[in-house]
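Grab a pencil and open your viewer. Here are some exercises to work through, each with its solution spelled out.

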Amino acid sequence: KSGEHHYNLISALHKSVRASDADASLYWLARMIKGGEDPRYLARRLTRMAVEDIGLAEPSVHRQCLDAWETYERLGSPEGELALAGAVVALALAPKSNAAYAGWKAALRAAEDTGSLPPPKNILNAPTKMMKDQGFGAGYVYDHDSEDGFSGQKCWPDGMERLRLYAPVERGHERELAKRVAWFEKKRATR
């Protein structure tokens with residue numbers, strides 16, 4: 001449960017989940033449990049797999065991993081290990097997407113490059129008269145007042161082009177999110 005073998009086994013588990021091989025995923029989980037790995041470490045890693053490799057293609061597996069983790073905490077071994085095994089199967093069989101993960105990494109790079117640019121004044125609150133006089137909140141449109149609940153207003157810093165950070169895949173729930181992204185882009189182009 002330590003050293004290079006530890007990392008090789010967790011890599012095998014993670015990559016078996018990513019490859020949608022439920023049988024291999026169960027095998028590597030069992031190898032780690034039998035080898036004395038802390039099931040709490042495995043629960044943490046399974047949750048990380050849910051947010052990294054499945055993401056929004058099947059958002060329910062994130063919750064399933066957290067529930068399995070909590071179940072393990074309440075039942076302990078060996079009964080709680082079954083909850084972890086169920087989460088592993090759910091992860092392996094879920095549609096996969098790392099679009100949110102890739103978008104987050106791209107957002108971090110963009111923030112590193114442009115971190116000193118202030119937000120545009122239209123989306124800033126103006127709790128004082130001085131801030132209102134400086135243009136804070138001027139031109140803000142409350143999206144809920146728009147007929148379709150979408151104003152299309154500018155939310156990026158002045159002088160910075162709009163970036164496309166999140167690119168949903170055509171798998172699982174992200175198919176629906178891709179439709180929403182396209183709808184908002186179309187609306188934004190006309191406003």
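What follows is a set of tasks on this protein, each with a step-by-step solution.

Before you start: this is a predicted model, where local features need pLDDT of at least 70, side-chain atom pairs count only at pLDDT 80 or more, and totals for chains, interfaces and linings use all residues. Residues are numbered from 1 along each chain as its sequence is written, and side-chain values use heavy atoms, with hydrogens and water left out.

**Exercise 1. The overall build**

Work out which elements the protein has, and whether it is spread out or compact.

Step 1: List the elements. The protein has eight helices and zero strands; helices (H or I, at least four residues) and strands (E, at least two) are DSSP runs, numbered from the N terminus. Reading from the N terminus, you get α-α-α-α-α-α-α-α.

Step 2: Check the spread. With 191 residues, the globule rule gives 16 Å, but the radius of gyration is 22 Å, well over that, so the protein is more spread out than a compact globule. (The radius is taken over C-alpha atoms; the rule is 2.2 Å times the number of residues to the power 0.38.)

Step 3: Look at the dimensions. The C-alpha trace spans about 65 × 35 × 30 Å along its principal axes.

Step 4: Look at burial and contacts. Of the 191 residues, 34% are buried, where buried means under 20% relative accessible area, exposed over 50%, and partly exposed in between (1.4 Å probe, protein chains only). Take the contacts (heavy atoms within 4.5 Å) between residues at least 6 apart in sequence: 63% of these join residues at least 24 apart.

**Exercise 2. The two faces of α6**

Find which residues of α6 are buried and which on the other side are exposed.

Step 1: Check the length. Helix α6 (residues 99-114) has 16 residues, so at 1.5 Å a residue it should span 22 Å, and its end C-alpha atoms are indeed 22 Å apart. (The expected span is 1.5 Å times one less than the number of residues.)

Step 2: Pick out the buried residues: A99, G103, A106 and A110. Seen down the axis of α6, they fall within an arc of 65°, so they line one face of the helix. (The arc is that of the directions from the helix axis to the C-beta atoms.)

Step 3: Recall the helix geometry. An α-helix has 3.6 residues a turn, so residues three or four places apart point the same way.

Step 4: Turn to the other side, where W104, R109 and E112 are exposed.

Step 5: Ask what covers the buried face. The cover includes α8 (174-190).

**Exercise 3. The partner, α8**

Now do the same for α8: which residues are buried, and what covers them?

Step 1: The 17 residues of α8 reach 24 Å from the first C-alpha to the last, close to the 24 Å expected at 1.5 Å a residue.

Step 2: Its buried residues are E174, L177, A178 and V181. They cover an arc of only 105° around the axis, which puts them on the same side of α8.

Step 3: On the other side of α8, you'll find K179, K186 and T190 exposed.

Step 4: The cover over the buried residues of α8 includes α6.

**Exercise 4. T47 and the cysteines**

Find what T47 touches, then see how many disulfides the structure holds.

Step 1: Place T47 in helix α3 (residues 39-54). T47 counts as buried because its relative accessibility is 10%.

Step 2: Leaving out residues up to four places away in sequence, T47 touches H62, C65, L66 and W69.

Step 3: Follow up on two of those. C65 counts as buried, at 2% relative accessibility. L66, in helix α4, counts as partly exposed at 28%.

Step 4: Count disulfides (pairs of cysteine sulfur atoms within 2.5 Å). A search of the whole structure finds zero. Another cysteine, C155, counts as partly exposed at 46% relative accessibility.

**Exercise 5. Backbone oddities**

Where is the cis peptide bond, and which residue that is not a glycine has a positive phi?

Step 1: The bond from S77 to P78 is cis, with omega near 0°. P78 lies in the loop between α4 (60-75) and α5 (81-93).

Step 2: S20 has a positive phi of about 60° without being a glycine. S20 sits in the loop between α1 (3-18) and α2 and is partly exposed, with a relative accessible area of 38%.
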